[in-house]
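Here are my notes on the model you sent. They are numbered so that you can reply point by point.

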Amino acid sequence: MKEDDLIGPMYPEDDWEGAENRLRWFLEQYWGGPRTYQEERGNPMLRRRHFPFPIGEAEADRWLELMGKSLEQFSDEELAPAYRAQLWNHMQRVAYMMINQGPRAF
C-alpha cells in the first residue's frame, strides 16, 4: 500500500504501523477474535471513518488488487481455501461499500 500511487497517499506517512494495526485489529474483531479495535478505536463505523478520503471505483478496485496480492502470500495450510474465500468476499463487500465518489456512491 505504501508505495501505491493511488492508495498510498490516503494513509498517514508517519503512521504506517498504526494503519496496519488498525486493519489487523478490525479483521480480528470482525471474525470473532479479540476486541482490540473496539477498545482502541471504538465502534468501527467504517464508512464514516473513510468518508474524508475520495474513494471511487478505481480506488476500491486498487485496494482489492493489493489485498488480493497479500492473500496470495499465504499457503492453503496457513489460510484454508474456505476461509480465504470468506475473507475475500468480505473484502469485496467492504471495498465497494466505501465508495463515496462517482456513480456508485450512495
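1. Glu 65 has a relative accessibility of 40% and counts as partly exposed, in a model that is predicted. Its side chain meets that of Lys 69 in a salt bridge, with 3.5 Å from N to O. Both Lys 69 and Glu 65 belong to helix α4, which covers residues 57-72. The two are four residues apart, about one turn of the helix. Lys 69 is also partly exposed, at 45% relative accessibility.

2. A second pair sits in helix α1, residues 16-30: Arg 24 and Glu 28 are again placed four residues apart, about one turn of the helix. Their side chains form a salt bridge at 4.0 Å, N to O. This value deserves a remark, because the criterion asks for a nitrogen within 4 Å of a carboxyl oxygen. Arg 24 is partly exposed, with a relative accessible area of 40%. Glu 28 falls in the partly exposed class as well, at 30%.

3. Asp 15 and Arg 22 make a further salt bridge through their side chains, at 3.1 Å from N to O. The relative accessible area of Asp 15 is 27%, and this residue is partly exposed.

4. Which residues are linked in a network of salt bridges? They are Asp 4, Asp 5 and Arg 62. The structure holds six salt bridges.

5. On the charges as a whole, the protein has 13 positive and 19 negative ones. The mean positions of the two sets lie 8 Å apart.

6. Is Arg 84 buried or exposed? Arg 84 is buried, with a relative accessible area of 19%. The assignment is a narrow matter of the cut-off, since buried means under 20% relative accessible area. Arg 84 is part of helix α5, residues 81-97. Leaving aside residues up to four places away in sequence, Arg 84 touches Leu 71, Glu 72, Phe 74, Ser 75, Asp 76 and Leu 79.

7. The backbone at Met 45 should be looked at: phi of this residue is near 40°, a positive value in a residue other than glycine. Most residues other than glycine have a negative phi. Met 45 is partly exposed, with a relative accessible area of 37%.

8. Glu 40 lies in helix α2, which spans residues 36-41. At 53% relative accessibility, Glu 40 counts as exposed; the class begins over 50%. The C-alpha atom of Glu 40 is separated by 9.1 Å from that of Trp 25, a residue 15 positions away along the chain.

9. Tyr 11 is found in the segment before α1. Its relative accessibility is 24%, and Tyr 11 counts as partly exposed. What does Tyr 11 touch, not counting residues up to four places away in sequence? The partners are Met 1, Trp 16, Ala 19 and Trp 63. By contrast, Tyr 11 and Gln 73 are 22 Å apart from C-alpha to C-alpha, with their positions 62 residues apart in sequence.

10. For the secondary structure, the protein comes to five helices and zero strands. Read from the N terminus on, the order of elements is α-α-α-α-α.

11. The overall dimensions agree with a simple expectation. A compact globule of 106 residues would have a radius of gyration near 13 Å, and the protein has 14 Å, which agrees. Taken along the principal axes, the C-alpha atoms fill a box of roughly 40 × 30 × 30 Å.

12. How much of the protein is buried? Of the 106 residues, 32% are buried. The protein exposes about 7,200 Å², and carbon and sulfur atoms supply 53% of that area.

13. A last point concerns contacts along the chain. Among contacts with a separation of 6 or more, 58% are between residues 24 or more positions apart. One contact of Tyr 11 worth viewing in this connection is the one with Trp 63.

Key
Residues numbered from 1 in each chain as written. Predicted model: local features only at pLDDT ≥ 70, side-chain atom pairs only at ≥ 80, totals over all residues. Heavy atoms only, no water. Rg over C-alpha atoms; globule rule 2.2 N^0.38 Å. Buried < 20%, exposed > 50% of the residue type's maximum accessible area, 1.4 Å probe, protein only. Contact = heavy atoms within 4.5 Å. Areas by Shrake-Rupley, 256 points an atom, 1.4 Å probe, with all protein chains shown as cover. Lys, Arg positive; Asp, Glu negative; His and termini not counted. Charge placed at Lys NZ, Arg CZ, Asp CG, Glu CD.
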